[in-house]
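Good morning, colleagues. I should like to take you through one model, beginning with how its values were obtained.

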Amino acid sequence: LRKYFRLPTDDAKARVAEMVEDGMLLQANVEGWKQPGYLCPHVNPRCRAKPTALMVPFDPIMWERDRVERIFGFNYRIEIYVPAEKRQYGYYVLPFMKDGEFVARVDLKADRQEGVLRVQSAHLEDGCDAVTVAGDLMMHLSRLARFLGLSGVVVVPCNPFSVYLGRQNQG
């Protein structure tokens, strides 16, 4: 809450404490967390949203990288300022969430000269299935290309998942 609303730390702690005292939030212990979690008393925590979307590094969900790793088990770092030879996934990588889980990440470039969205690299997360991820990912990449005024998507075949994703684009 503090990061999302850009609140000072002391003010945020005081407001959360007030909300707990007023019954607007319930404090919860979460296995593996050092700090407490909080629940809305009117929401069933077992019924969570399961969105499918390309995420940008500056989306509110992604702001707190440690929280993303704690909740989703997804280690994400922006590699823009990392020297090219030390990057793990690429320059400007967008995570892809399918059904509420991070399943892939893509390094994208809007190639204005060629008029295409270029997938410089695509990486499937461990334990995820290329067949179930690629179609939805390609649909979202095509939407992004249209939004950017580009004619289509070109996938650079740099690893097995990007090769498979490229085939989805042709089919």
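I shall turn to the conventions, then to the strands, and then to a surface patch. This is a predicted model, in which local features need pLDDT of at least 70 and side-chain atom pairs count only at pLDDT 80 or more, while totals for chains, interfaces and linings use all residues. Residues are numbered from 1 along each chain as its sequence is written, and side-chain values use heavy atoms, with hydrogens and water left out.

Let us begin with strand β5, residues 101–111 (strands are DSSP E runs of at least two residues, and helices H or I runs of at least four, numbered from the N terminus). Of its 11 residues, 8 are buried, so β5 is largely enclosed by the rest of the structure; buried means under 20% relative accessible area, exposed over 50%, and partly exposed in between, with a 1.4 Å probe and protein chains only.

Which strands pair with β5? Strand β4, residues 93–98, pairs with β5 in the antiparallel sense over 6 bridges, and strand β6, residues 116–124, runs antiparallel to β5 with 8 bridges. Pairing requires that DSSP find at least two bridges between two strands. Leu-94 has Val-106 in β5 as its bridge partner, and Leu-108 stands opposite Val-119 in β6.

Both connections are hairpins. Between β4 and β5 there are 2 residues, and Asp-99 in that turn has a positive phi of about 50°. Between β5 and β6 there are 4 residues, and Gly-115 in the turn has a positive phi of about 75°.

Finally, Phe-5 lies in helix α1, residues 2–5, and is exposed, with a relative accessible area of 51%.
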